[in-house]
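Me: Please take a close look at a single part of this model, namely its sheet, and describe what packs around that part. A formal, connected account would be appreciated.

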Amino acid sequence: MSTMYERMLQLPIFQGLGYEQLTEIIEKIPFSFHRYAAGETIHMAGELCDCVLFALNGIVQQETPTFGGRINIVQEFSGPHTLSFYYLFGAETRSISTLKAVDRVGIMQVEKTHFLKMLQKNSVMLVNVMNMLSTHAQKQHVAMEFTGQNDPTLRLASWLLAFTDRKALHTTIVTSCEAWQSLLRIDESSFWRCVSVLEGRGCIESSGNGILKMTDRYALRRYVGEKTLPKW
């Protein structure tokens, strides 16, 4: 069984640190630890994001509405994993995601002011956070580039990659066929052709009413790569 230190060092924010550096941080920064039983809410959408939450163990479900609330992205993450991070800074500091425990979950929490002190005193952590923020911003920028593509299947595949997390154990997009048609700017028959192509490649499964489950993220990435790489 891994120790708390080992789990913390697996988190992207702490990667590159040694045990001595991590010990020094823990001794100076007041972390708090909480336990949640299966089904309990860890964080509600709309709550102020004034701290960083880390799932050290257990599985957390994250539900995030998008496209004006018409599409819900439901993902499950296994600890160690960083939660409620991207709304810590910026104009909007209330998280749009709801976090719930799928099974027994151990959460480590650090307040924003103490988190900033950690970054100020440790250049490795500062670089890690800048990397995370930059990668997150670039993902959705890439998705926006594909909104003008003539290939609706490529638009759907790119959206799925950009608005979901590669570390998720399970990802389900809960919505309607009509919402997809509006998002992709296509008719119903074109939407189902897109779904058929991605199902045929083993990327997704459809329940038949617009709800999509991602089955192979790497197959989805290969599909997008094939469609976007230059043909020499």
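Reply: In this predicted model, 7 strands make up an open sheet, and their order is β2-β7-β4-β5-β9-β11-β10. The pairing is antiparallel. The edges are formed by β2 (41-43) and β10 (204-206), each of which pairs on one side only. From one strand to the next, the twist averages 20°.

Within this order, β9 and β11 pair in the antiparallel sense over 3 bridges. In that pairing, I173 stands opposite L212 in β11. Helix α7 packs on the sheet, where it touches β10 and β11. The direction of α7 makes about 135° with that of β10.

The sheet also bears on helix α6, which spans residues 177-184. This helix is mostly covered, since 6 of its 8 residues are buried under the cut-off of 20% relative accessible area. The buried residues of α6 are C177, A179, W180, Q181, L183 and L184. Their cover includes three strands of the sheet, namely β5 (71-78), β9 (170-174) and β11 (212-214), together with the helices α5 (152-162) and α7 (188-200).

One of the buried residues of α6, W180, takes part in an aromatic pair with W159. The two rings are edge-to-face, at 5.3 Å centre to centre and with 85° between the planes. Because W159 lies in helix α5 and W180 in helix α6, the pair ties together parts that are 21 residues apart in sequence. Both W159 and W180 are buried. They belong to one aromatic cluster, which also contains F163, F191 and W192. In the model, the count of aromatic pairs comes to 6.

Just after α6 comes R185, in the loop between α6 and α7. R185 has a positive phi of about 60°, although it is not a glycine. In contrast to the buried residues of the preceding helix, R185 is exposed, because its relative accessibility is 55% and the cut-off for that class is over 50%.

The loops on either side of β5 have backbone features of their own. F67 is found in the loop between β4 (59-66) and β5. Like R185, F67 is not a glycine and yet has a positive phi, here of about 55°. F67 counts as partly exposed because its relative accessibility is 28%, a value between the cut-offs of 20% and 50%. In the loop between β5 and β6 (81-83) lies P80. A cis peptide bond joins G79 and P80, with omega at about 5°.

A further point concerns the start of the chain, where M4 is found in helix α1 (residues 4-10). With a relative accessible area of 33%, M4 is partly exposed. M4 touches I26, F33 and L56, not counting residues up to four places away in sequence. The C-alpha atoms of M4 and G208 are separated by 43 Å, and these two residues are 204 residues apart along the chain.

Methods: Residues numbered from 1 in each chain as written. Predicted model: local features only at pLDDT ≥ 70, side-chain atom pairs only at ≥ 80, totals over all residues. Heavy atoms only, no water. Helix = DSSP H or I, 4+ residues; strand = E, 2+ residues; numbered from the N terminus. Buried < 20%, exposed > 50% of the residue type's maximum accessible area, 1.4 Å probe, protein only. Contact = heavy atoms within 4.5 Å. Phe/Tyr/Trp six-rings, centres within 6.5 Å; stacked < 30°, edge-to-face > 60°. Pairing = 2+ DSSP bridges. Axes fitted to C-alpha atoms, helices over the stretch in contact; angles between N-to-C directions.
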